[in-house]
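This report describes a protein model, beginning with one residue and proceeding to the overall architecture. Please consult the sequence and the structure alongside the text.

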Amino acid sequence: MGKDKKYKKSVYRSLAVISQFGINMLVPIFLCSFAGLFLDRKLGTAFWFVLLFFVGAIAGFRNIFILARDIYEGDDKHEDKA
């Protein structure tokens, strides 16, 4: 029974990490895209959407990099304690 609980905990933790990766990538892209779309409609231009989309993508990749680094370093810290 102990292994079964540990396995379920590990699966839930993995699903949570995957969800965090998706959220950390999509939220900046959507927010920046909507801001660019708003600016394009307000100012009558056609480049803010594209520019802010890429800014959002870069911000999303940065968020994922930081999250992955923290997860990786957290695993190293747990191994050092054991």
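Is F53 buried, partly exposed or exposed, and what is its relative accessible area?

## Accessibility of F53 and its aromatic partner

In this predicted model, F53 is partly exposed, with a relative accessible area of 33%. The assignment follows because partly exposed residues lie between the 20% limit for buried and the 50% limit for exposed. F54 is likewise partly exposed, and its relative accessible area is 48%.

Across the whole structure, a search finds three aromatic pairs. One of them joins F53 and F54 in an edge-to-face arrangement, with 5.6 Å from centre to centre and 80° between the planes. The pair is classed as edge-to-face because an angle over 60 degrees between planes meets that criterion.

## The nonpolar surface patch

F53 and F54 both belong to a nonpolar surface patch of about 750 Å². The other contributors are L26, F30, F34, L37, F49 and V50. Helix 1 and helix 2, the latter spanning residues 48–81, each supply at least two residues of this patch.

Among the patch residues, F49 is placed in helix 2. F49 counts as partly exposed, at 33% relative accessibility.

## Two buried positions in helix 1

S33 lies in helix 1, which covers residues 2–43. With residues up to four places away in sequence set aside, S33 touches F49 and F53. S33 has a relative accessibility of 6% and therefore counts as buried, whereas its contact partners F49 and F53 are partly exposed.

M25 is also located in helix 1. At 14% relative accessibility, M25 is classed as buried, because the limit for that class is under 20%. Leaving out residues up to four places away in sequence, M25 touches A57, G60, F61 and I64. The C-alpha atoms of M25 and G60 are 4.2 Å apart in space, although the two residues are separated by 35 positions in sequence.

## Overall architecture

The secondary structure of the protein consists of two helices and zero strands. Of the 82 residues in the protein, 15% are buried; S33 and M25 are among them.

The accessible surface of the protein amounts to about 6900 Å². Carbon and sulfur atoms account for 69% of that surface. When contacts between residues at least 6 apart in sequence are considered, 57% join residues at least 24 apart. The proximity of M25 and G60, 35 residues apart in sequence, can be examined alongside this figure.

Terms used. Residues are numbered from 1 along each chain as its sequence is written. This is a predicted model: local features need pLDDT of at least 70, side-chain atom pairs count only at pLDDT 80 or more; totals for chains, interfaces and linings use all residues. Side-chain values use heavy atoms; hydrogens and water are left out. Rings of Phe, Tyr and Trp (its six-membered ring) pair if their centres lie within 6.5 Å; planes under 30 degrees apart count as stacked, over 60 as edge-to-face and the rest as tilted. Buried means under 20% relative accessible area, exposed over 50%, partly exposed in between (1.4 Å probe, protein chains only). Helices (H or I, at least four residues) and strands (E, at least two) are DSSP runs, numbered from the N terminus. Contact means heavy atoms within 4.5 Å. Patches are made of residues with over 30% relative accessible area and no salt bridge: like charges are joined within 9 Å, nonpolar side chains (Val, Leu, Ile, Met, Phe, Trp, Tyr) within 5 Å. Accessible areas come from the Shrake-Rupley method with a 1.4 Å probe; for residues, only the protein chains shown count as cover. A salt bridge is a side-chain nitrogen of Lys or Arg within 4 Å of a carboxyl oxygen of Asp or Glu.
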